[in-house]
Amino acid sequence: ATPTAVMVGTGVGASQGVLIKGGQALESAHKVNCIVFDKTGTLTVGKPVVVNTKLLKNMVLRDFYEFVAATEANSEHPLAKAVVEYAKKFREDEENPIWSEARDFVSVTGHGVKATVQNKEIMVGNKSLMLDHNIAITIDAEEMLTETEEMAQTGILVSIDGELTGVVAISDPLKPSAREVISILKSMDVQSLMVTGDNWGTAKSIAKEVGIETENVIAEAKPEQKAEKVKDLQASGFTVAMVGDGINDSPALVAADVGMAIGAGTDIAIEAADIVLMKSNLEDVITAIDLSRKTFTRIR
Ligand code: ADP
Ligand code: MG
């Protein structure tokens with residue numbers, strides 16, 4: 001392609017809300033034959049909501065959520081925002097509640113959070129967080145977790161003073177276009193994978209809904225592991241695009257031949273990417289590849 005063609009291609013992209021950061025990004029996109037998608041906020045809407053609560057101890061729901069919200073109010077995680085939002089409905093000052101004071105707040109990346117609230121030790125997070133603190137997962141809790149995972153929801157566990165007290169089911173539905181985008185990519189000979197920090201059960205259920213094969217799913221992945229997967233695929237001969245929105249996707253966005261960030265994502269992801277999907281539409285992954293193919297496979 002001539003420099004003019006590249007300029008035109010980049011300009012057309014910009015006019016459609018696909019921000020391509022330079023000619024190299026536009027060129028690499030036409031060779032992409034494998035795309036790694038982040039789950040939360042990329043394939044899913046990214047605005048999780050609490051859909052169910054199971055108390056394992058005799059306790060008032062309002063008090064339970066006071067502990068959970070006081071702890072999670074210190075976290076930026078989408079799951080934290082979901083539980084804080086839900087907890088508001090138990091408060092009279094619903095608009096702008098001031099939660100109980102949380103002391104010694106600690107965020108354990110990829111696992112959850114802990115803090116001391118009203119002199120009780122509160123932990124909110126996944127199974128690993130509980131197991132790392134020697135908290136037994138009861139059969140009741142296991143059942144609830146399995147149920148939520150089968151429904152493609154995420155179950156988070158709550159412990160108070162070392163005892164498992166409740167399970168909160170949180171739903172983050174697929175973006176309406178996700179399934180079709182994966183299917184169109186397939187028809188374009190582009191294979192799709194999904195990587196996520198979420199648990200295996202939920203990840204597999206979401207993958208099934210969106211049409212990604214189970215063997216193309218990686219769950220419980222740390223940010224470096226997302227990047228490792230990209231590098232493995234490259235070593236196997238694939239030209240890899242990564243699509244993500246979070247800080248935890250940035251190493252993979254940098255490692256990929258083409259990093260694509262969701263416009264509504266975090267600044268760090270947008271910074272790390274080669275292409276930014278300004279409208280946050282998943283369809284624009286296809287727009288970007290199409291544009292590159294048209295620019296670079298034109299008859300000379
Ligand atoms: P993702 O790739 O889905 O953004 P993360 O790596 O951020 O996942 O988190 C992985 C898992 O750790 C979450 O699915 C959740 O179970 C748990 N977790 C992380 N942060 C929190 C939090 N603030 N509150 C509750 N659970 C959390
Ligand atoms: Mg994400």
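This report describes the sheets, the helix packing and the ligand shell of a predicted model.

**Sheets**

Seven strands make up an open sheet with mixed pairing, in the order 1-13-12-11-2-9-10. At its edges are strand 1 (18-20) and strand 10 (217-218), each of which pairs on one side only. Within this sheet, strand 11 (residues 240-244) and strand 12 (residues 258-262) run in the parallel sense and are joined over four bridges. In that pairing, A241 is placed opposite V258 of strand 12.

A further open sheet consists of six strands in the order 3-8-7-6-5-4, and here the pairing is antiparallel. Strand 3 (49-55) and strand 4 (102-108) occupy the edges; each has a single partner strand, so one side of each lacks a neighbour in the sheet. From one strand to the next, the twist averages 20°. Strand 4 is paired with strand 5 in the antiparallel sense over five bridges, and V106 faces K114 of strand 5.

Helix 4 lies across this six-stranded sheet. The strands it crosses are strand 3, strand 4, strand 5, strand 6, strand 7 and strand 8 (163-171), and the helix runs at about 110° to strand 5.

**Helix packing**

The table lists three helix pairs.

| Helix pair | Axes come within | Crossing angle |
|---|---|---|
| Helix 4 (residues 61-72) and helix 5 (residues 78-87) | 9 Å | roughly 135° |
| Helix 1 (residues 3-15) and helix 13 (residues 283-296) | 10 Å | roughly 160° |
| Helix 8 (residues 178-187) and helix 13 | 9 Å | roughly 25° |

Why do helix 4 and helix 5 count as oblique to each other? Their axes cross at roughly 135°, and an angle counts as roughly antiparallel only over 145 degrees and as roughly perpendicular from 65 to 115, so this pair falls among the rest, which are oblique. The crossing of helix 4 and helix 5 is left-handed. On the side of helix 4 the contact involves Y65, V68, A69 and E72, which meet A80, V83, V84 and A87 of helix 5. These contact residues comprise seven nonpolar, no polar and one charged.

Helix 13 takes part in two of the tabulated pairs. With helix 1, the axes cross at roughly 160°, which makes the two helices roughly antiparallel. This crossing is right-handed. Helix 1 contributes A5, V6, G9, V12 and G13 to the contact, and helix 13 contributes A288, L291 and T295. The contact of helix 1 with helix 13 contains five nonpolar, three polar and no charged residues.

With helix 8, the axis of helix 13 crosses at roughly 25°, so helix 8 is roughly parallel to helix 13. V181, I184 and L185 of helix 8 make this contact with E283, V285 and I286 of helix 13. By class, the contact of helix 8 with helix 13 holds five nonpolar, no polar and one charged residues.

**Ligand shell**

Ligand 1 is surrounded by 21 residues, of which T40, H77, G110, N126 and G197 are the closest. Which elements supply at least two residues each to the shell? They are helix 3 (39-43), helix 5, strand 5 (112-117), strand 6 (120-125) and strand 7 (154-160). Strands 5, 6 and 7 thus appear in the shell and also belong to the six-stranded antiparallel sheet, while helix 5 supplies shell residues and also packs against helix 4. The shell divides into five nonpolar, 13 polar and three charged residues.

Notes: Residues are numbered from 1 along each chain as its sequence is written. Chains are lettered from A and ligands numbered from 1 in the order in which they are written. This is a predicted model: local features need pLDDT of at least 70, side-chain atom pairs count only at pLDDT 80 or more; totals for chains, interfaces and linings use all residues. Two strands pair if DSSP finds at least two bridges between them. Axes are lines fitted to C-alpha atoms, for helices over the stretch in contact, and angles run from 0 to 180 degrees between N-to-C directions. A crossing is left-handed if the near helix is turned anticlockwise from the far one by less than a right angle, and right-handed if clockwise. Two residues are in contact if their C-beta atoms, placed from the backbone, lie within 7 Å. Ala, Val, Leu, Ile, Met, Phe, Trp, Tyr, Cys and Pro count as nonpolar, Asp, Glu, Lys and Arg as charged, and the others, Gly among them, as polar. A residue is near a molecule or strand if its C-beta atom, placed from the backbone, lies within 6 Å of it. Angles under 35 degrees count as roughly parallel, over 145 as roughly antiparallel, 65 to 115 as roughly perpendicular and the rest as oblique.
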